Every structure is written in structure tokens, then in C-alpha cells.
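Biologist: I would like to learn how to read the features of a model like this one. Could we start with strand pairing and then go on to the ligand?

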Amino acid sequence: MTVEKKTILVTGGASYIGSHTCKALAAAGYVPLVYDNLIHGHQSAVQWGNLEQGDIADRARLNAVIERYHPNAVMHFAAFAYIGESVSDPGKYYRNNVAGTLTLLEAMRDHRINRLVFSSSCATYGIPDQLPITEATPQRPINPYGASKLMAERMIADFGAAHEIGWIALRYFNAAGADPDQEIGEAHDPETHLIPLAIRAASGRGPSLTIFGSDYDTPDGTCLRDYVHVSDLAAAHVLALAALDQGLPSQAINLGNGDGYSVLDIVAAVKRVTGLDVPYCLAPRRHGDPPILISDATRARTLLGWASQRTSIESIVETAWAWHQRADR
Ligand code: UFG
């Protein structure tokens, strides 16, 4: 007997986290179908499943793709994700991340697609009163990007209740690293994230690193973040989908390792992994940066059976370094 494989519509599947999730889906026996407008996504990152170019705000295009492939579920990554840009151009973020998600939800409702795994963010929490951050921590985003993800979560919950769509919103902490096989990796343009910029500074392929803020109330004065390997995030999406199929109630779930690393810790880790110094200068704080973001991911472990494969910062940076040596050649 042959069992038909389930097709998963992956919006933003040509993105950093989206493409790693497509690889994980394919390995788990699903058929990813990438739907991406390729504004920030890379065609070269679509290596598992077909690519259908399109925008989540384009209802006619979404309908055509859904009617052609009949996906069983949706994983929704498509979004703009530059915090600074969201502050200077909020309309761009609300139109794409909020209105675009609404269009996608209406398409799901009308085509009776009843499973959704959503790419949410610790940016929905803002500056928390207590650490570590659990799913019950109040969500008070401090920038339009975080607000757009929170609004999308709310719409998803309302559509879920009204139209019997089971959903999981995965709130990632700081995604980092690259596919251990180096088939895909982090390739933002422009790049604003700490680890790739530190690696480029070390290898001489980029300018020296600017450290944003050294006067925070943290052990070394720089911000603390909870870095989580992108392949571990990808694995959690596959687990979330399976859990929904097994009847797990719709909810939000944090994804992080629960360890806080400062910007200077990352500089030191990049030096240990690469053997190269990271030239850096100290600069004022970057607008919209919370001082400390550290997760409590107990729910992911207990409800999804999620277990990070790479928890040490060295093991995360090693995969990023391997990818950058290959991609920056
Ligand atoms: N940083 C620097 N210099 C740089 C880049 C970053 O000092 O050149 C610092 C930041 O100030 C921050 C830390 O390094 O303290 C991490 O910065 P990233 O830009 O790598 O990541 P963020 O924490 O700002 O953003 C990440 C995700 C977002 C998500 C956010 C939640 O990229 O999508 O976490 O706060 F929304």
C-alpha cells in the first residue's frame, strides 16, 4: 500500500528559516511547496519541493496555487523582518505581515485548509518584566515588526476558533547557524544579524563589527540573546505539524535554548571557532533593542518533544562559519 505524501504550502519557503524547514519537511516525508515572492528569498534556497513565485497578498495567485496542489497544511514564514525598517516604514510591515496574513487566512478558510504553523517571534514580548520569558509573559512589542507578528497571532487565533483551523505559533528567539550539510544558510541582503556580521568582520570580508550599546544593565554591558540553531527551529515546525494532527490544542510555543549570550560572548565564540580576531568598535545603542531576551522553552520540550541538537554557542557558530566560508567564496 502506498501512502500519499502530504503537501505543505510553505509561504516564505525561500527564506532563511523557511528553506531549512523545507529540508526538514522533505526528510520527514512531506512534500514542501514553496510560495515566495523572492523579494528577500533566494531561488537557490528552494531545493526541496516546487517553487511557485507569488505574494501572500495576491489572493488570485494564492487561489491558483492552492487549487493546483491542494496542500494539507500551511507553514507561514512570509514576512518582512527588519526591525529598524519597521520603525521607519511601519506601513510596509502592517501591509505585508498583517494584511498579507489576513489574505492567507481567508484563502485557507475558503479552501478548508485546517492546519497552520506560524513563524512568530520573541519580538512580540518587547521588554519583559521577568526572565526567562514564558508563553504567558505579557506581549508588549516595542517596534512595528513585533506588533505585526502579534497582530498576526491574534488573527490566526480568531480564524482558528471560527473556522476550525488548528494552529501553532512558534515564537523564535535568535535564529542562527546554518544547515550542517551546508546546502543552505543565512544570506540576508542587507545583513543586519550579529553572527554573520561578526564572521565577516573576522574573515576580512566585511567591515569591523559595530557593537550597539555597551552600557546595558548586563554583566558586560552588551545585550544578551538566546541563540537557537536554525535546523532546531526547522525540526520544531515538523513536530508542531505532527502534534496538531495528533490533537494538540492550538497555542503559542517558545523556541530557544534558555541561555543568554552577550554580544561580546559572540565575539569571543567567533574567535574560538575561526581562530580569527573579530575587529570591533563600540557604538551607541540601536533603537528598539531589548537588553535581554532569554526563553523558557519548557512547553516545546514537553508538548512537542523538541530537543535542540546544538545548544552550545560554538556548535551554532561552527555551522555558520562553514556556510560563510562556502557562500562568501
Ligand atoms: N548587534 C550588534 N551589532 C550588529 C548587529 C547586532 O551589536 O552589527 C547586537 C544587537 O544590538 C543585539 C544582538 O547583537 O543586541 C543581536 O542582534 P541581531 O540583529 O542579530 O538580532 P536581534 O536580537 O536584533 O533580532 C532577532 C531577530 C528578529 C527578532 C528579534 C527579536 O533577527 O527577527 O531577534 O528581538 F524579531
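Modeller: Start with one pair of residues: Arg171 stands opposite Asn254 in β11. Bear in mind throughout that the model is predicted.

Biologist: In which sense do β6 and β11 pair, and over how many bridges?

Modeller: The sense is parallel, and five bridges link β6, residues 166-172, to β11.

Biologist: What is the strand order of the open sheet that holds β6 and β11?

Modeller: Read across the sheet, the order is β3-β2-β1-β4-β5-β6-β11, which makes seven strands with parallel pairing. The edges are taken by β3 (50-53) and β11 (251-255); each has a single partner strand, so one side of each has no neighbour in the sheet. From one strand to the next, the twist averages 20°.

Biologist: How is the sheet with β9 in it put together?

Modeller: That one is an open sheet of three strands in the order β12-β9-β14, and its pairing is mixed. Because β12 (261-262) and β14 (292-293) each have a single partner strand, they stand at the edges with one side left without a neighbour in the sheet. Strand β9, residues 224-225, pairs with β12 in the antiparallel sense over two bridges. Within that pairing, Arg225 has Tyr261 of β12 as its bridge partner.

Biologist: Arg225 leads on to the ligand. Which residues come nearest to the ligand?

Modeller: Of the 21 residues around the ligand, the nearest are His193, Thr210, Arg225, Arg286 and Asp289. So Arg225 has two roles in this reading: a bridge partner of Tyr261 and one of the residues nearest the ligand.

Biologist: How far are the N or O atoms of Asp289, Asn174 and Thr192 from oxygen atoms of the ligand?

Modeller: Take them one at a time. In the side chain of Asp289, an N or O atom is 2.6 Å from a ligand oxygen. For Asn174 the distance is 2.9 Å, again from an N or O atom in the side chain. Thr192 uses the backbone instead, with an N or O atom 3.4 Å from a ligand oxygen. On its own the ligand has 680 Å² of accessible area, and the protein covers 92% of that.

Biologist: Which elements give two or more residues to the shell around the ligand?

Modeller: They are α6 (194-203) and β8 (209-212). The largest share, four residues, is from β8. By residue type, the shell has 13 nonpolar, five polar and three charged residues.

Biologist: Why does the ligand lie between domain 1 and domain 2?

Modeller: Because both domains give residues to its shell: domain 1 is 7-175 + 227-255, and domain 2 is 194-225 + 258-327.

Biologist: What about the backbone; what should I look for there?

Modeller: Look for exceptions, because most peptide bonds are trans and most residues other than glycine have a negative phi.

Biologist: Which peptide bonds are cis here?

Modeller: One runs from Leu131 to Pro132, with omega near -5°. Pro132 is in the loop between β5 (115-121) and α5 (144-163). Another joins Asp189 and Pro190, with omega about 5°. Pro190 belongs to the loop between β7 (174-176) and α6.

Biologist: And what is the phi of His70?

Modeller: His70 is not a glycine, yet its phi is positive, about 50°. His70 is in the loop between α2 (59-69) and β4 (73-76).

Notes: Residues numbered from 1 in each chain as written. Predicted model: local features only at pLDDT ≥ 70, side-chain atom pairs only at ≥ 80, totals over all residues. Heavy atoms only, no water. Near = heavy atom within 4 Å. Polar contact = N/O pair within 3.5 Å; in protein donor to acceptor, adjacent residues only side chain to side chain. Areas by Shrake-Rupley, 256 points an atom, 1.4 Å probe, with all protein chains shown as cover. Nonpolar A, V, L, I, M, F, W, Y, C, P; charged D, E, K, R; others polar. Domains from an automatic or database assignment. Pairing = 2+ DSSP bridges. Axes fitted to C-alpha atoms, helices over the stretch in contact; angles between N-to-C directions.
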